[in-house]
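Me: I'm new to reading protein models. Could you walk me through this one, feature by feature?

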Amino acid sequence: MTNEEFSWGFSAADVVAATYPRHIGSASMVIRAAAAKSPSIGSTFGWIGRTIKQFDLGWTCEATNIDATARELTNSIENAQGWSYSDRVAAYVRYNSVQNYQAGAVRFTRQLRGLPPHPDHAPGYFLIDSATDKVTTGLDRATWLGRLKAVGIEAPQLAAPTRKWPKQF
């Protein structure tokens, strides 16, 4: 099966299931479903549960409980037509795209070599307005923090990651 043929399956699906019990890490099934504009149902546990909720990618279920999983699979299929591909989902897809991965690799390589960031790959912050699902991208840190303070958030829960690799021995 080619990658294109594999992608067709995600586009044709009413819902893509990633109901892996106690799975901590990411799941390409969720990323591929969002890219194909199909909702997912996944475990409430770990990365899958967090991203499905945070980016409105579909529904979650307690995957360690067979009855609850069966019930939520049925509910997700019944509610699939009501799910929409929002700005929040689009931001998630852009972040997980091959292009963004490549831009990160270029940025990191330039950083290791002491070069300034390429203008097309300059890092930035983004905001998602939960009331409207509007996504604002490309903010510098000061603007981002100012926008957060304007809505009453003094200290954001998530900070930009710091590079801890390669390790210095």
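Me: Let's start with Thr60: is Thr60 buried or exposed?

Reply: The general idea is that a residue counts as buried when its relative accessible area is under 20%. For Thr60 that area is 18%, so Thr60 is buried. Keep in mind that you're looking at a predicted model, so treat all of this as a reading of a prediction.

Me: Where does Thr60 sit, and which residues does Thr60 touch?

Reply: Thr60 belongs to strand S3. Leaving aside residues up to four places away in sequence, Thr60 is in contact with Gly42, Ser43, Thr44, Gly49, Ile52, Lys53 and Glu72. Two of those partners come up again in a moment: Gly49 and Ile52 are among the buried residues of H3.

Me: Okay, H3 then. Which residues of H3 are buried, and what covers them?

Reply: For a helix, you list the buried residues and then look for what lies against them. In H3 the list is Ile48, Gly49, Thr51 and Ile52. Their cover includes S1, H2, S2, S3 and H5. Just past the helix, check the backbone too: Asp56 follows H3 and has a positive phi, near 55°.

Me: And which residues of helix H2 are buried?

Reply: Helix H2 spans residues 28-35, and its buried residues are Val30, Ala33 and Ala34. Here you can also ask how they are spread around the axis. They cover an arc of only 95°, which puts them on the same side of H2. The buried residues of H2 pack against helix H1 (3-12), strand S1 (16-18), strand S2 (40-43), H3 and H5.

Me: What comes right after H2?

Reply: That's Lys37, with a positive phi near 65°. Lys37 also has a ring to look at: its charged end sits over the ring of Tyr85, 4.9 Å from the ring centre.

Me: Speaking of rings, how many aromatic pairs are there?

Reply: You look for ring centres that lie close enough to pair, then at the angle between the planes. The count here is 3 aromatic pairs. One of them is Trp47 with Tyr92, a tilted pair at 6.5 Å centre to centre, with 40° between the planes. That pair links distant parts of the chain, since Trp47 is in helix H3 (residues 46-54) and Tyr92 is in helix H5 (residues 87-95), 45 residues apart.

Me: Are those two rings buried or exposed?

Reply: Trp47 has 24% relative accessibility, so Trp47 counts as partly exposed. Tyr92, with a relative accessible area of 3%, is buried.

Me: Which other ring pairs with Tyr92?

Reply: Phe55 does: that pair is tilted too, with 5.3 Å centre to centre and 40° between the planes. Phe55 lies in the loop between H3 and strand S3 (58-61), while Tyr92 is in helix H5, so the pair ties together parts that are 37 residues apart in sequence. Phe55 is buried, with a relative accessible area of 10%. Put the pairs together and Trp47, Phe55 and Tyr92 are linked into a cluster.

Me: Let's try Leu73. Where is Leu73, and which residues does Leu73 touch?

Reply: Leu73 is in helix H4 (residues 66-79). Its relative accessibility is 29%, so Leu73 counts as partly exposed. Not counting residues up to four places away in sequence, Leu73 touches Ala17 and Ile41. You can also compare sequence distance with distance in space: Leu73 and Val16 are 57 residues apart along the chain, and their C-alpha atoms are separated by 9.7 Å.

Me: Can we zoom out? How many helices and strands does the protein have?

Reply: There are 7 helices and 5 strands. Along the sequence they follow the pattern α-β-α-β-α-β-α-α-α-β-β-α. Of the 169 residues, 27% are buried. Among contacts with a separation of 6 or more, 43% are between residues 24 or more positions apart. The accessible surface is about 11500 Å², with 54% of it belonging to carbon and sulfur atoms.

Me: Last one: what is the mean pLDDT, and where does pLDDT stay under 50?

Reply: The mean pLDDT is 83, and 86% of the residues reach 70 or more. Over residues 163-169, pLDDT stays under 50, and the model has 5 contacts beyond four places in sequence for that stretch.

Conventions. Residues numbered from 1 in each chain as written. Predicted model: local features only at pLDDT ≥ 70, side-chain atom pairs only at ≥ 80, totals over all residues. Heavy atoms only, no water. Phe/Tyr/Trp six-rings, centres within 6.5 Å; stacked < 30°, edge-to-face > 60°. Helix = DSSP H or I, 4+ residues; strand = E, 2+ residues; numbered from the N terminus. Buried < 20%, exposed > 50% of the residue type's maximum accessible area, 1.4 Å probe, protein only. Lys NZ or Arg CZ within 6 Å of the ring centre and 35° of its normal. Contact = heavy atoms within 4.5 Å. pLDDT = per-residue confidence, 0-100. Areas by Shrake-Rupley, 256 points an atom, 1.4 Å probe, with all protein chains shown as cover. Arc of directions from axis to C-beta.
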